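Trainee: I would like to take a close look at a single part of this model, and I would be glad of one connected account rather than a list.

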Amino acid sequence: MNDQPHYRFPPASAYRLNRCLFALKSDDGFRARFLKDARAAMGELELDVEDAAALLRGDRDALLARGAHPYLVFMADLRLKIEREPVSFEFF
Amino acid sequence: MLVGAFACAHTPQLLARPGTEDRDLVLRVHAAFARVKRRLETLHADAIAIVAGDHVEAFFLDAVPALAVYVGTECAGTFGRYRYRFPIHEPLARAIVEQGVERGFDLFYTQQAPLDYAFYVPLHFTMPEPAVPIVPLHVNVYLPPQPTPRRCYEWGRTLGEIVRARPERVILMASGGMSHFPGTDRYASPEFDYDRRLLDALKAGHGRELAAITGEELDKMGNIELRTWATLLGALGEAKADVYCYEPSWHHGNAVVEWPV
């Protein structure tokens, strides 16, 4: 692990998974659909069963092992958390 | 002509502060941003050419440019509740992309792409009054393989030559850094000593050292975004950095720096 770079080349096998994480990060409409019915939303992007299971569990290590980009995992998770349990911010 | 050069952190918690962030620290960084804003007003800039690394917002895996120039008439983006829009200095943007390509840099350009928060955060705090148009210049930092620091430095040298030959008064601004590891196990333990050593080298005018750092080292030190600084330093040569602030939070080394031009 220590010899691995923190940010690795995203394997093409993880394209759909990364596409889904990207949409959770940046697409408000997709995120809303995901929060309403995660399986249906993941189905839109044709996520495979194991990717979908790891995402539903919020299993960061499994997602990274499957080729998810760490920054996308981080931001997708953060956006979902903020929607589920609003955080109070001081806005500047 | 080039009239000013700055580097600014773009940590999103400086814009929207959750309870996890030290308020006094955030305000000290804001004070450094306010100094930059006053400097920009004194310098009577016509445009800000801002070098930042898109956080997989404009450029997903469908197309991953190493170096890109926004050349539309305006650009816009969103970040949480923030909605922003900036006019682009189109003649300057066109000159940069056309002359950059002419000089051997195979630049990607876009006339319509979302503007990432890495561009927005420094501009939110430092945009002079009255506001000036911008030229967003993207450097790929998050999607390997990224351009090498040396390549960024060389691009910066050419960018500096292009800007210096222009009639407009141009500010170069690098957005990003310093050490942080979003999404990894290292998030709460950045390499602050590395940042401080690097800032000492920059204060001594050794900006060229950034060109010699490997991409591997930047990744190891949480400083993949310093490719934007390497670009800026290519335009500046041996100028000595004036460090307005270095404020390490629990997850991020926040720096604001000016270089004489």
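The part I have in mind is chain B: how many helices and how many strands does its secondary structure come to?

Mentor: The secondary structure of chain B comes to eight helices and 11 strands. Please keep in mind throughout that this is a predicted model, so let us begin with the confidence that the predictor attaches to it. Chain B has an average pLDDT of 97, and 100% of its residues score at least 70, while the complex as a whole is given an ipTM of 0.95 and a pTM of 0.97.

As for overall form, the C-alpha trace of chain B spans about 45 × 40 × 35 Å along its principal axes. Its radius of gyration is 17 Å, which agrees with the value near 18 Å that a compact globule of 261 residues would have. Of these 261 residues, 65% are buried.

A good example of that burial is helix 3 of chain B, which covers residues 117-126 and is mostly covered, with nine of its 10 residues buried. The buried set consists of Tyr117(B), Ala118(B), Phe119(B), Tyr120(B), Val121(B), Pro122(B), Leu123(B), Phe125(B) and Thr126(B). At the N-terminal end of this helix Asp116(B) acts as a cap, for one of its side-chain oxygens lies 3.0 Å from the backbone nitrogen of Ala118(B).

Following the chain onward from helix 3 brings us to the backbone geometry. Most residues other than glycine have a negative phi, and most peptide bonds are trans. Against that background, the peptide bond from Glu129(B) to Pro130(B) is cis, with omega near -5°, and Pro130(B) sits in the loop between helix 3 and strand 8 (134-139) of chain B. A cis peptide bond also joins Gly177(B) to Met178(B), with omega about -5°; here Met178(B) belongs to the loop that runs between strand 9 (170-175) and helix 5 (192-203) of chain B.

Val56(B) deserves similar attention, since it has a positive phi of about 50° although it is not a glycine. This residue is found in the loop between strand 3 (47-52) and strand 4 (67-70) of chain B. With a relative accessible area of 1%, Val56(B) falls under the 20% cut-off and is therefore buried.

Val56(B) also leads us to the internal spaces, because it is one of the residues that line the largest cavity, as the lining is defined by atoms within 4 Å of a grid point. The structure holds two cavities of 30 Å³ or more, and the largest has a volume of about 50 Å³. Together with Val56(B), its lining is made of Asp54(B), Phe59(B), Val64(B), Pro65(B), His138(B), Asn140(B), Tyr142(B) and Leu143(B). By class this lining has six nonpolar, two polar and one charged residues.

The second largest cavity holds about 40 Å³ of space, and it is lined by Thr11(B), Gln13(B), Leu14(B), Glu21(B), Leu25(B), Val26(B), Ser249(B), His251(B) and Asn254(B). Its lining divides into three nonpolar, five polar and one charged residues.

Chain B also contributes to an open space, the largest pocket, whose volume is about 1000 Å³. Among the 43 residues that line this pocket, those closest to its centre are Leu78(A), Arg79(A), Ile82(A) and Phe89(A) together with Phe79(B). From chain B, strand 2 (16-18), strand 5 (74-79) and strand 6 (82-87) each give two or more residues to the lining, as do helix 1 (15-26), helix 2 (28-36), helix 6 (70-84) and strand 1 (89-91) from chain A. The largest share, eight residues, comes from helix 6 of chain A. Sorted by class, the pocket lining has 20 nonpolar, 10 polar and 13 charged residues.

Since chain A supplies part of that pocket lining, a brief word on this partner completes the picture. Chain A has six helices and one strand, in the order α-α-α-α-α-α-β from the N terminus on. Its C-alpha trace spans about 40 × 35 × 20 Å along the principal axes, and buried residues make up 40% of its 92 residues.

Notes. Residues are numbered from 1 along each chain as its sequence is written. Chains are lettered from A and ligands numbered from 1 in the order in which they are written. This is a predicted model: local features need pLDDT of at least 70, side-chain atom pairs count only at pLDDT 80 or more; totals for chains, interfaces and linings use all residues. Side-chain values use heavy atoms; hydrogens and water are left out. On a 1 Å grid over the protein atoms alone, a cavity is a set of points where a 1.4 Å probe fits but cannot get out, and a pocket is an open set with protein on both sides within 12 Å along at least five of seven lines; lining residues have an atom within 4 Å of a point. Grid points are joined across faces, edges and corners, and a volume is the space filled by probe spheres set on the points. Helices (H or I, at least four residues) and strands (E, at least two) are DSSP runs, numbered from the N terminus. Ala, Val, Leu, Ile, Met, Phe, Trp, Tyr, Cys and Pro count as nonpolar, Asp, Glu, Lys and Arg as charged, and the others, Gly among them, as polar. pLDDT is the predictor's confidence in each residue, from 0 to 100. Buried means under 20% relative accessible area, exposed over 50%, partly exposed in between (1.4 Å probe, protein chains only). A polar contact is a pair of N or O atoms within 3.5 Å; within protein, one must be able to donate a hydrogen and the other to accept it, and residues adjacent in sequence count only if both atoms are side-chain atoms. The radius of gyration is taken over C-alpha atoms; the globule rule is 2.2 Å times the number of residues to the power 0.38.
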